[in-house]
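Welcome, and thanks for taking a look at this one with us. Please have the sequence and the 3D view open side by side as you read.

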Amino acid sequence: RPVELLGLVGSAIGVFAQVPLTRDSDVLLALLRRVGNGMLPDGTAIGTGLAMSEEHLKDRPRGSGVIVLFTDGGNNTGSPDPIKAAEIARALDIRVYTIGVIPSLSAREEDVLQRIASITGGRFYRATDPAALAGIMDAIDRVEKTQRYLPEVLTYREHYVFLLIPATVLLLLELVLRVAWLRRLP
């Protein structure tokens with residue numbers, strides 16, 4: 001999606017914007033590769049991560065914001081709670097697609113992710129392996145197409161050159177005739 005704005009928010013006990021909204025997918029991918037354990041204290045702050053993501057998207061046109069939430073655990077720290085954050089996303093017209101990395105999620109944690117997706121008009125997915133994750137991302141990409149309206153571009157083609165050349169020739173001819181042949185007598 002080369003024309004889309006993408007960002008990356010990491011969350012554990014704390015939350016940080018790893019990559020603010022950008023069209024530079026190379027930077028996003030490079031920083032995504034650097035995300036790892038130990039960047040923040042251990043924990044899962046789903047609601048806080050959603051809230052920060054919503055903060056980045058709140059000024060975007062209504063209906064154009066999408067959050068893809070990846071998690072391998074249930075919310076165990078931070079505020080607001082994930083359901084409250086989902087309600088805020090719905091109020092901002094932001095869809096949240098939740099992806100649970102299985103098998104580490106419990107049925108209760110899966111239920112919370114399903115509720116987040118349902119509240120916001122998104123969908124819950126289970127990612128069991130990298131191939132399944134790639135299929136999920138393709139499915140989200142097919143559903144989330146952004147319509148772009150390009151302003152009308154007017155192209156002008158100047159036609160004055162066709163008249164400028166004969167006018168210049170006639171002007172030069174008049175000057176030559178005035179000096180050489182059509183001289184006035186005093």
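The report below walks through a helix, some strands, the salt bridges and a surface patch.

## The model

A friendly reminder before we start: this is a predicted model.

## Helix 4 and its surroundings

Let us begin with helix 4, which covers residues 107–120. Its 14 residues reach 20 Å from the first C-alpha to the last, close to the 20 Å expected at 1.5 Å a residue. Just after the helix comes Gly121, whose phi is positive at about 85 degrees.

The buried residues of helix 4 are Glu109, Glu110, Leu113, Ile116, Ala117, Ile119 and Thr120. Their cover includes two other helices, helix 2 (46–57) and helix 3 (82–91). It also includes strand 3 (65–71), strand 4 (94–101) and strand 5 (124–127).

## Strand 4 and its partners

Strand 4 is worth a slow look. Of its 8 residues, 7 are buried, so the strand is largely enclosed by the rest of the structure. Strand 3 runs parallel to strand 4, and 7 bridges join the two; Leu69, for instance, has Thr98 in strand 4 as its bridge partner. Strand 4 also pairs with strand 5, again in the parallel sense, over 4 bridges. Here Val101 is matched with Ala127 in strand 5.

You may like to pick out Arg95, a residue of strand 4. Arg95 counts as buried because its relative accessibility is 17%, and buried means under 20%. Leaving aside residues up to four places away in sequence, Arg95 touches Gly63, Gly65, Val66, Ile67, Thr120, Gly121, Gly122 and Glu144. Two of these names have come up already: Thr120 is among the buried residues of helix 4, and Gly121 is the residue with the positive phi just after that helix.

## Three salt bridges

How many salt bridges does a search of the whole structure find? The search finds 3. One of them joins Arg126 and Glu110, with the closest N and O atoms 2.6 Å apart. This pair links distant parts of the chain, with Arg126 in strand 5 and Glu110 in helix 4, 16 residues apart. Is each partner buried or exposed? Glu110 is buried, with a relative accessible area of 14%, whereas Arg126 counts as partly exposed at 45%.

Another salt bridge connects Glu174 with Arg178, at 2.5 Å between the closest N and O atoms. Both residues belong to helix 6 and sit 4 residues apart, about one turn of the helix. Glu174 counts as partly exposed, at 32% relative accessibility. There is also a salt bridge between the side chains of Lys58 and Glu55, at 2.8 Å from N to O. Lys58 is partly exposed with a relative accessible area of 35%, and Glu55 counts as partly exposed at 48%.

## A nonpolar patch on the surface

Finally, turn the model to see helix 6 (residues 160–180), which holds Ile165. Ile165 is part of a nonpolar surface patch, together with Tyr160, Val161, Leu164 and Val169. The accessible area of the patch residues together is about 480 Å².

Why does Ile165 count as exposed? Its relative accessible area is 54%, and exposed means over 50%. Helix 6 thus offers two things to look at: the Glu174 and Arg178 pair lies in this helix, and so does Ile165.

Key. Residues numbered from 1 in each chain as written. Predicted model: local features only at pLDDT ≥ 70, side-chain atom pairs only at ≥ 80, totals over all residues. Heavy atoms only, no water. Patch = residues over 30% accessible without salt bridge, like charges linked within 9 Å, V, L, I, M, F, W, Y side chains within 5 Å. Areas by Shrake-Rupley, 256 points an atom, 1.4 Å probe, with all protein chains shown as cover. Salt bridge = Lys/Arg side-chain N within 4 Å of Asp/Glu carboxyl O. Buried < 20%, exposed > 50% of the residue type's maximum accessible area, 1.4 Å probe, protein only. Expected span 1.5 Å × (residues − 1). Contact = heavy atoms within 4.5 Å. Pairing = 2+ DSSP bridges.
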